[in-house]
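Let's take a walk through this model together, starting with a bit of vocabulary and then moving from the whole chain to a few local spots.

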Amino acid sequence: MNRNIIYMGIAVLVGLLGGYFIFGSNNSTKHNHNIDQEEATTNQMWTCSMHPQIMQTEPGDCPICGMDLIPAGTKTDGLSADQFKMTENAMALANIQTTSIGDLTTSDKNRVMLSGKIMENEEANAVQASYFDGRIERLNVNYKGQEVRKGQKLATIYAPNLVAAQQELITAVSLKESQPILYKAVRNKLKLWKLSDNQIKAIESSGKVQENFPVYATVSGTVSEVMRAEGDYVKQGQPILKVSNLSTVWAEFDVYENQIAQFKKGQQINITTTAYPDKKFEGTISFIDPTLNTKTRTVTIRTNLNNRDHLFKPGMFITGSVASKNKTTEQLIVPASAVLWTGERSVVYIKTSAKEPIFEMREVVLGNATGNTYIILNGLDNGDEIVTNGAFTVDAAAQLQGKKSMMNKEGGKTMTGHEGHMGMQMEVSKSFQKDFLPAFIPYLQMKDAFVDSNASQVSISAKATNKILKAIKASNLNKVEKTYLTKSISILDHLANAEELEKQRTYFVSLNENIVALISNFTELNTAMYVQKCPMANTNKGAIWISKEKEIRNPYFGDAMLTCGSVINTIK
């Protein structure tokens, strides 16, 4: 009996232990899993794909542009110290694009690649001048690019001196028989003023004085510069127009100091253009500049090109290749949009994983610039996949995660949460605001120049804005202020140097993302500022800008879509 009780007790104990291990461990696992989920939910941060500096603990709208916030997704298991990861959703929304780079074609590996421009043939230039003092009554040829033919009327000039000379001629005609020397002298005087025999005979036969005289073209060509306007007074010999004969042009290339020995006059050079990528042209080096440009450490070489078909336009970007005397290393070419420049360093972002959006910053050494591309001398390898669109957004993500970035060479602490006071939580010192506010005067002038589609005025205003920002003492700034200031200066440098309006507008998009993030936290504004947004700008990704007026005048489209946009925030 006692033995049966013992057996039953053992059975119950085994059953209890078995139930614990089967069900208790599952509950424990489930409990731990729930805790992990809660922690993951608690630690989840939300950011904006267009403004990665915005970091919030809850989903919602971006306080800058109004877009829906997305999960930050900062899991970095298995990544190196310099690598960081972005979410697929963030990449798609920011339109981040990557491209695998490769070396030049096999036939070009032993050739030296050069960048250059098409220039006017200065030997074929001619200045059309006035041959007498007077006032321009009518300018028949009055805009750049106009074609003129030899003998064509260029202008009509009122010339008081010619009036007196004509009166002398009419008087001398009556004395032609008795004083032929006097008559001949007066007639030759008019010829020196480029009056034709027919004009002189017309004055003699009519006996009437003409007040206005035409100026005729002495050469055929294309007007490259209009140097006077109607109503201007000109002196004898002063230029009115500059005419270029574009049937021949110069192709000029920059050669680095360490490459000079590889070039000589008469050497063949192959030329390609971005305008006609399927056509190749040949020329021979006709001139090598005897002086070195001490700023760029380059020498200019030149070749003459036949341009009877007018394919070449002055200012056009071209690429030249010359057979190298020495065996050259492989040259890598990247789009200019991939390169971020700080003023001291050039960096690109490479995608280190073929399957995941993992990135890493890489410093590069740039060679020649050719149109919209750069030759990379050092820093990249054949086959590297680099970011070619959205590099600024990727750079912002690197900063947020404390990785190496354009303005943070060594990496370090992240700029999320309270430490950086990014987004709407950013704290901007009153002294910085005071120094920064004067820049809004030329900034608003730049915005208006964009509205007017005036590229030259955009550059002038960008330089004026940058001059004020560069005068701010960076040593007195906190980390956040310094970062935004440095990025704004860098973007303005690119914007001011860009010649094409559309490229300027691309830089303006990035500039406004930085400026709006700053001004949204200003407390010392004397007047209200309006943050405005056009959803169709920036290839339908949307773009913002700042205005003093509520009325929408779109800087990204100008007259084409002048009123596209709306006010998304008012800063007082």
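Helices (H or I, at least four residues) and strands (E, at least two) are DSSP runs here, numbered from the N terminus. What you're looking at is a predicted model, where local features need pLDDT of at least 70, side-chain atom pairs count only at pLDDT 80 or more, and totals for chains, interfaces and linings use all residues. Residues are numbered from 1 along each chain as its sequence is written, and side-chain values use heavy atoms, with hydrogens and water left out.

With that in hand, the overall tally is 13 helices and 28 strands. The protein has 572 residues, and 43% of them count as buried. Buried means under 20% relative accessible area, exposed means over 50%, and partly exposed is in between (1.4 Å probe, protein chains only). As for contacts, meaning heavy atoms within 4.5 Å, take those between residues at least 6 apart in sequence: 66% of them join residues at least 24 apart.

Now for some backbone oddities. His310 sits in the loop between strand 18 (298-306) and strand 19 (317-323). Its phi is near 55°, a positive value in a residue other than glycine. With a relative accessible area of 38%, His310 is partly exposed. Ser453 is another such case: phi is positive at about 55°, although Ser453 is not a glycine. You'll find Ser453 in the loop between helix 9 (440-451) and helix 10 (455-470), and its relative accessibility of 35% makes it partly exposed.

Staying with loops for a moment, Pro290 lies in the one between strand 17 (281-288) and strand 18. Pro290 counts as exposed, at 74% relative accessibility. Follow the chain for 10 residues from Pro290 and you get to Thr300; the two C-alpha atoms are separated by 8.7 Å.

A wider sequence gap turns up at Lys153, which belongs to strand 10 (residues 153-158). Lys153 and Ala217 are 64 residues apart in sequence, yet their C-alpha atoms are 6.4 Å apart in space. Setting aside neighbours within four places in sequence, Lys153 is in contact with Asn140, Val141, Pro214, Val215 and Tyr216. Lys153 is partly exposed, its relative accessible area being 36%.

Next, helix packing. How do helix 4 and helix 5 lie relative to each other? The axes of helix 4 (residues 180-192) and helix 5 (residues 197-206) come within 10 Å and cross at roughly 130°. Axes here are lines fitted to C-alpha atoms, for helices over the stretch in contact, and angles run from 0 to 180 degrees between N-to-C directions. Angles under 35 degrees count as roughly parallel, over 145 as roughly antiparallel, 65 to 115 as roughly perpendicular and the rest as oblique. Helix 4 and helix 5 are therefore oblique to each other. Tyr183, Arg187, Leu190 and Lys191 of helix 4 make the contact with Asp197, Ile200, Lys201 and Glu204 of helix 5. By type, these residues are three nonpolar, no polar and five charged. In this scheme Ala, Val, Leu, Ile, Met, Phe, Trp, Tyr, Cys and Pro count as nonpolar, Asp, Glu, Lys and Arg as charged, and the others, Gly among them, as polar.

Further along the chain, helix 11 (residues 479-497) and helix 12 (residues 501-519) pack at an angle of about 160°, their axes 9 Å apart. That makes helix 11 roughly antiparallel to helix 12. From helix 11, the residues involved include Tyr484, Ile491 and Leu495, and from helix 12 they include Gln504, Phe508 and Leu518. The residues of this contact divide into 10 nonpolar, five polar and one charged.

Gln504 also gives us a way over to helix 10, where Ser459 lies. The side chains of Ser459 and Gln504 make a polar contact at 3.0 Å. A polar contact is a pair of N or O atoms within 3.5 Å; within protein, one must be able to donate a hydrogen and the other to accept it, and residues adjacent in sequence count only if both atoms are side-chain atoms. Ser459 counts as buried, at 12% relative accessibility.

Last stop: Asp493, in helix 11. Its side chain is joined to that of Lys470 by a polar contact of 3.2 Å. Not counting residues up to four places away in sequence, Asp493 touches Trp341, Asn466 and Lys470. Asp493 counts as buried, with 19% relative accessibility.
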